[in-house]
Amino acid sequence: MDDLARGRVRATQDTFQIPEIQKVLTPKRPAVETAGLADIFPYYAGFSFDWARDLLAKDQANASTPITVLDPWNGSGTTTLAAQSLGFRSVGIDRNPIANIVARLRCGIMSSDSIKEAPSAGPGESSEGDPLRAWFTDQTSARIRQWVDIASDGNGAFSPPYIVSLFRVVRSLTKKFEGSNPTWVKRAKGPDDLIGLDSDYLDDLIQAEYRFLVGRIETWPVQTTDSLHITASATRMPIASSTVDVILTSPPYLTRIDYAVAYARELAVLGIDIARDRSLRSELMGTTLIRKDVGFSISSVGPTAQLLLSQVQGHKSKASSGYYLKQAQQYLSDLCSGLDEISRVSRPGASIHLVVQDSYYKDVPVPLADICIEEGTLRGWSLEACDRFPVRRSLTALNTSARAYKKSDVAESVISFRKD
């Protein structure tokens, strides 16, 4: 699969058979989803594994050679796993290292013979700047850090089942730091708010989560097709031009979800402190931080996006013409740069599927589906379908101040293009 990133992989003429699978009508993930190992880590948003698998199978049925699949906002790897389960080559791009670790675990080739019980760990110390200290006492932070060392190969890579076990434990223990908006994680207010655990008890929790992951992985068929997961931005994909047949993706929505904050605890496990080093948080699409070098031009987007920016700028609420306008411009710049990259890496005739959700800024509709349709058309893509599904609950309803503004229902849309 390394060859794919360098552009030397091409489809072959091998005989290809598509397994018969049940038709799924909606991309919406069920409240409890176990298909495709979706339950091993609660990564926000995304779409149903069964739906993704069904869609990719239809794309293959219309192709003469085995397809290569790309998801430039891959998240926890639903697209790459769905492609892999069908025998397709796939590439997942995500700037968030947490997403890529979970995706690798879901797509990893593992058996009971290759997974061992985690070794015991002795007492240790955590550094003064350990980001885990935002939620845990020094002693508990040190113990978790020892488990991180066990999960590391010493060269910056981690064993996915070990490290995801730590993610699950840390997330469970710090549940009290989640507010009404589950994507915004608070930090301890003082020493009395920190979590301290007996080391043996913590070890038991980690080993229990490890055994759970092993058990779930063993229920999944061993995959023989490679999938490549790259930690990179969708605006600068390390993939050669005209090498991808199908793009299936769901870009972050314009809902001001800060994914670095949402996964601050897991990033802390990796030693990344988003409070001190804002570089990762600033780079993620949808971030609430404003970069200094966006370089946005209103002429770079179509009329629908221009109208949205005009409505945000003219809104009477505080900071609409300042911070919120800049945040919307930054989001649209990232979205359009990602669409440009999709155009570059996809072959002529490639299928492009975008799953997006409309939203609101105050009482201003954010017609993200219409924006994507317009931007795709401006790039020479032919619109083949746009299926809309009602959304009954969104994060907007969790924001008490936002409830003051009158809104209508929003929809999640599946937009399908063909690159001419």
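**Reading a predicted model, from Lys362 outwards**

Modeller: Let's start with Lys362, which has a relative accessibility of 21% and so counts as partly exposed. Keep in mind as we go that this is a predicted model.

Biologist: Okay, but why does 21% make Lys362 partly exposed?

Modeller: The general idea is a pair of cut-offs: buried means under 20% relative accessible area, exposed means over 50%, and partly exposed is in between. With its 21%, Lys362 therefore goes in the partly exposed class.

Biologist: Where in the chain is Lys362?

Modeller: Look at the loop between strands E6 and E7, the latter spanning 364-366. That's where Lys362 sits.

Biologist: And what should I look for in the backbone phi of Lys362?

Modeller: Check the sign, then check the residue type. Lys362 has a positive phi, about 55 degrees, and it isn't a glycine. Arg256 is another case: its phi is positive too, about 60 degrees, and again the residue is not a glycine.

Biologist: Which loop holds Arg256, and between which elements?

Modeller: Arg256 belongs to the loop that runs between strand E4 (244-249) and helix H8 (259-262). Its relative accessibility is 34%, so it counts as partly exposed.

Biologist: Back to E6, then. Is Tyr361 buried or exposed?

Modeller: Buried, because its relative accessibility is 11%, and the cut-off for buried is under 20%. Tyr361 is part of strand E6, residues 359-361.

Biologist: How do I read its surroundings? Which residues does Tyr361 touch?

Modeller: The trick is to skip sequence neighbours and see what else is in contact. Setting aside residues up to four places away in sequence, Tyr361 touches Val312, His315, Ser317, Ser320, Tyr324 and Val366. You can also check C-alpha distances: Tyr361 and Ala328 are 33 residues apart along the chain, and their C-alpha atoms are separated by 9.6 Å.

Biologist: Ser320 is on that list. What is the relative accessible area of Ser320?

Modeller: It's 0%, so Ser320 is buried. This serine lies in helix H12, which covers residues 320-345. Beyond its neighbours within four places in sequence, Ser320 is in contact with Val312, Gln313, His315, Leu325 and Tyr361. So you can read the Tyr361 contact from either end.

Biologist: Let's move to helix packing. At what angle do H12 and H13 cross?

Modeller: For a helix pair, read the axis distance and the angle together. The axes of H12 and H13 (residues 368-378) come within 11 Å and cross at roughly 40 degrees. Under 35 degrees would count as roughly parallel and 65 to 115 as roughly perpendicular, and H12 and H13 are therefore oblique to each other. The crossing is right-handed.

Biologist: Which residues make the contact between H12 and H13?

Modeller: H12 brings Tyr331, Leu332, Leu335, Cys336 and Leu339, while H13 brings Leu368, Ile371, Cys372 and Glu375. Sorted by class, that contact has 8 nonpolar residues, no polar ones and 1 charged one.

Biologist: What about H11 against H13: how far apart are the axes?

Modeller: The axes are 8 Å apart, and helix H11 (residues 303-313) packs against H13 at an angle of about 140 degrees. That makes H11 oblique to H13, because the cut-off for roughly antiparallel is over 145. From H11 the contact uses Pro303, Thr304, Ala305 and Leu308, and from H13 it uses Asp370, Ile371, Glu374 and Glu375. By class, count 4 nonpolar, 1 polar and 3 charged residues for H11 with H13.

Biologist: Now a loop residue away from those helices. What does Lys176 touch?

Modeller: Leaving out residues up to four places away in sequence, Lys176 touches Asp193 and Ile195. Lys176 lies in the loop between helix H6 (160-173) and helix H7 (199-218). At 49% relative accessibility it counts as partly exposed, since exposed means over 50%.

Biologist: To finish, zoom out. How many helices and strands does the protein chain have?

Modeller: There are 13 helices and 9 strands. Of the 420 residues, 54% are buried. To read how contacts spread along the sequence, take those between residues at least 6 apart: 78% of them join residues at least 24 apart.

Conventions
Residues are numbered from 1 along each chain as its sequence is written. This is a predicted model: local features need pLDDT of at least 70, side-chain atom pairs count only at pLDDT 80 or more; totals for chains, interfaces and linings use all residues. Side-chain values use heavy atoms; hydrogens and water are left out. Helices (H or I, at least four residues) and strands (E, at least two) are DSSP runs, numbered from the N terminus. Buried means under 20% relative accessible area, exposed over 50%, partly exposed in between (1.4 Å probe, protein chains only). Contact means heavy atoms within 4.5 Å. Axes are lines fitted to C-alpha atoms, for helices over the stretch in contact, and angles run from 0 to 180 degrees between N-to-C directions. A crossing is left-handed if the near helix is turned anticlockwise from the far one by less than a right angle, and right-handed if clockwise. Ala, Val, Leu, Ile, Met, Phe, Trp, Tyr, Cys and Pro count as nonpolar, Asp, Glu, Lys and Arg as charged, and the others, Gly among them, as polar.
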